[in-house]
Amino acid sequence: MLDEYKRNGELFLRSIKESNENKNKNIEDLIKENFRKPVLELVGHTAIGENASETDILKATGPGRYFEVSSTSYEILSASFFRTRKGVCSLCGKTTDVFSNRPYIFPFERKIDSISPEDMRLQFCKECGFTLYCGMASLYAEKSIKFFFDSYNPKNLWTINDLFKSSELRDPNYYNKIKNFKSFTYHPYETLFVIIFEFVNKLKEKNLINEIKNIDDVKLLVVVGSGQIYETHIIEGSKLNNFVKFFSKMIDDSKEIYNRKNKGNLPIDSEHLIFNGFFDRLTVGQNNEEKSRLRNLFVKNLLDGKMDFIILNEIIIERVKNKEKWPFPFYYRNFLNLYMSIFKMETEQQMFERINGLGYAIGNKIKGTNLENSFVWGIFRARGVEEFYNVLVELQAKLEMNMDIMPINEYEKEWRKAKAILLNGILNAVYSK
Ligand SMILES: [Zn+2]
């Protein structure tokens, strides 16, 4: 992850080097005169005055807030760049004056690095060290995640950082932290999912969406966790690009539906209609941590380009058990179909449409009858493909319905998935207005 981080730093450093007063200066003078810049960029100028001391700036980014700094003083920060010894730079490989990696250079490796023996630590030359330090200007954070963009294409990397910074997603009162959104989230991936949605939403609002729509060489790097345990996750450019298209179309569709409906009855703005209608109805249970645990798993798969029907079914079943007012997520079919068409999942989409249609027809037949409960649970509890078929045959007889279970037969190998889709289809019919 150092390389990716370095590219962001190079971009920022270039903007420093290109300014008139810095032309032809050596790296030492650049560091001396500009090392406040990345931090000021990070914290935002609203929170920190131009004349604030280095100590005040560092305090603002301080421990537990956003950027992990081990020290609050200017002396230690500057010493790291200038208290050097001869050695090999871990990044560029030059034998030159180097210094040990210190936490503020690369926040992600802080803990890991600080427990390794001194001679095993990363060490950097001044140029590389300062470049990494500049990388943090493009680092964003929300709760337990930190993220940044990366691309081999500096122009696109610059564009996306610029758009992100001007998207107003950052809270000016809390440094580079992301603002709170309408949707409650607790876990990292669901939080990230909301951030990407809101980013797209902001770009549409500001008519900037076309600047990003066809960028597919920018990826998103996410670091999840705290303390010594970190997990990294990369959303490749083509996927990120798909999410931009997915959310963009979802917002257009939402506005269209909104305009057709009785607006007075909708307690939400038009842009969020489908997203929140679906997303807010994937929570289960009471306490914060438990409430969105399954949703986080479902969304993590979406971020990987996968549609997990089985977890989705688990969520809906739990909501039914808990007697939620609206157990079934709104705009279920819109959301799923849109996702599968943008991510080009033709086979799965076909499977979904056929089995969901069958489930919906069954659901309409049993809705309000005494068969409703027994069959929903009968199907849910089926532990093998044979048992699953048996329940369906029994249901067919009771309903005197000519049920075409061909689609189920066709997907016998994936019967668990077929069962989840079918059940959701049934529950959709049973629980919709
Ligand atoms: Zn170097």
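In strand E3 of this predicted model, Gln123 is the bridge partner of Ser100. This pair belongs to the contact between E3 and strand E2 (residues 95-100), where three bridges join two strands that run antiparallel. In general, strands of a sheet pair through backbone hydrogen bonds, either parallel or antiparallel.

On the partnership between E1 and E2, four bridges join the two strands, again in antiparallel fashion. Gly87 stands opposite Thr96 in E2. E1 and E2 form a hairpin with six residues between them, and within that turn Gly93 has a positive phi of about 80°.

Taken together, the three strands form an open sheet in the order E1-E2-E3, with antiparallel pairing. Strand E1 (85-88) and strand E3 (123-125) are the edge strands, since each pairs on one side only. From one strand to the next, the twist averages 65°. Helix H7 (residues 126-135) lies across E2 and E3 and runs at about 105° to E3.

This sheet is one part of a protein that has 21 helices and seven strands. Buried residues make up 39% of its 433 residues. Among contacts between residues at least 6 apart in sequence, 66% join residues at least 24 apart.

The interior may be considered next. In soluble globular proteins, nonpolar side chains tend to be buried together. Here the largest nonpolar core has 98 residues, and Phe124, Phe247, Ile355 and Leu422 touch the most other members. Helix H9 (residues 188-205) gives the most to this core, with nine residues. Domain 1 (2-134) and domain 2 (345-433) both contribute residues, so the core lies between them.

Phe247 may serve as an example of a core residue. Leaving aside its neighbours within four places in sequence, Phe247 is in contact with Ile196, Phe197 and Val200.

The preceding residue, Phe246, lies in helix H11 (residues 237-260). Is Phe246 buried or exposed? Phe246 is buried, because 21 other C-beta atoms lie within 10 Å, and a residue counts as buried at 20 or more. When residues up to four places away in sequence are not counted, Phe246 touches Leu338, Tyr339 and Ile342. Phe246 and Val200 are 46 residues apart in sequence, yet their C-alpha atoms are 9.5 Å apart in space.

Another core residue named above, Ile355, leads to helix H17 (residues 346-366). This helix has 21 residues and reaches 30 Å from its first C-alpha to its last, close to the 30 Å expected at 1.5 Å a residue. Which residues of H17 are buried? They are Met351, Phe352, Ile355, Asn356, Leu358, Gly359, Tyr360, Ile362, Gly363, Lys365 and Ile366. An α-helix has 3.6 residues a turn, so residues three or four places apart point the same way. Such spacing can be followed in the buried set, which includes Phe352, Ile355, Leu358 and Ile362.

The buried residues of H17 pack against several other helices: helix H16 (332-342), helix H18 (371-381), helix H19 (385-399), helix H20 (406-410) and helix H21 (415-431). After H17 comes Gly368, whose phi is positive, near 75°.

How values were computed:
Residues numbered from 1 in each chain as written. Predicted model: local features only at pLDDT ≥ 70, side-chain atom pairs only at ≥ 80, totals over all residues. Core = buried A, V, L, I, M, F, W, Y, C linked by C-beta atoms within 7 Å. Buried ≥ 20, exposed ≤ 12 C-beta atoms within 10 Å, placed from the backbone. Domains from an automatic or database assignment. Contact = placed C-beta atoms within 7 Å. Expected span 1.5 Å × (residues − 1). Pairing = 2+ DSSP bridges. Axes fitted to C-alpha atoms, helices over the stretch in contact; angles between N-to-C directions.
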